[in-house]
Amino acid sequence: MATYRVRLVVNGETVRANVEPQETLLRFLRNRLGLTEVKSGCEQGDCGTCAVILEGKAVNSCLTLAVQADGKQVLTLKGIEKQEIGKLLQESFVAHGAVQCGFCTPGMIVSAANFLEKYPNPSRNEIRKAISGNLCRCTGYKKIVDAIADVASRVSKNQ
């Protein structure tokens with residue numbers, strides 16, 4: 001089978017590899033790079049647990065082919081946690097008890113970080129809408145929305 005040579009920057013590190021045409025970004029990140037913080041959920045784009053930021057936009061890595069990431073920047077939770085917004089979100093998720101089982105948490109934080117970067121002073125409804133592509137099967141979204149709203153409030157006060 002034909003392979004394609006790709007070069008992408010993942011969490012600030014340049015990666016070059018040969019990928020098969022049908023290899024998803026999710027499988028590439030998890031299986032080839034060992035980035036297990038990118039969770040594999042439904043692999044149909046329904047749960048959002050595999051969310052990563054590709055060129056500044058949150059995407060489901062299970063629906064994105066690795067070849068589509070060629071020449072682009074990818075941020076996973078590990079890359080985001082090095083940024084101030086990532087640190088604040090992780091602390092806030094813990095403080096608000098929004099971690100629950102933790103399976104959806106990486107995708108939630110990736111989506112929240114991407115959202116807050118673009119909309120630093122959102123309403124609770126806007127936060128709910130922003131994370132609507134991320135499913136939590138534990139207890140619901142109140143604590144998650146509380147955690148994100150708390151970070152938004154702290155960030156907007158510092159601006």
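Me: Before we dig in, what counts as a nonpolar core here?
Reply: A nonpolar core is a set of buried Ala, Val, Leu, Ile, Met, Phe, Trp, Tyr and Cys residues joined through side-chain atoms within 4.5 Å. Buried means under 20% relative accessible area with a 1.4 Å probe, protein chains only.

Me: Great, and what kind of model is this?
Reply: This is a predicted model, where local features need pLDDT of at least 70, side-chain atom pairs count only at pLDDT 80 or more, and totals for chains, interfaces and linings use all residues. Residues are numbered from 1 along each chain as its sequence is written, and side-chain values use heavy atoms, leaving out hydrogens and water.

Me: So how many residues are in the largest nonpolar core?
Reply: That core has 28 residues, and L89, F93, L116, I144 and I148 have the most contacts inside it. Its largest share, 8 residues, comes from helix 6. Helices here are DSSP runs of H or I, at least four residues, numbered from the N terminus.

Me: What does L116 touch?
Reply: Leaving aside residues up to four places away in sequence, L116 touches I85, L89, P122, I148, V151 and A152. Contact means heavy atoms within 4.5 Å.

Me: Switching topic: which residues of helix 1 are buried?
Reply: In helix 1 (residues 25–32), they are L25, L26, F28 and L29. F28 and L29 also belong to a second, separate core of 20 residues, which includes V10 and A66 too.

Me: And what follows helix 1?
Reply: G34 does, with a positive phi near 70°.

Definitions and conventions. Buried < 20%, exposed > 50% of the residue type's maximum accessible area, 1.4 Å probe, protein only. Helix = DSSP H or I, 4+ residues; strand = E, 2+ residues; numbered from the N terminus.
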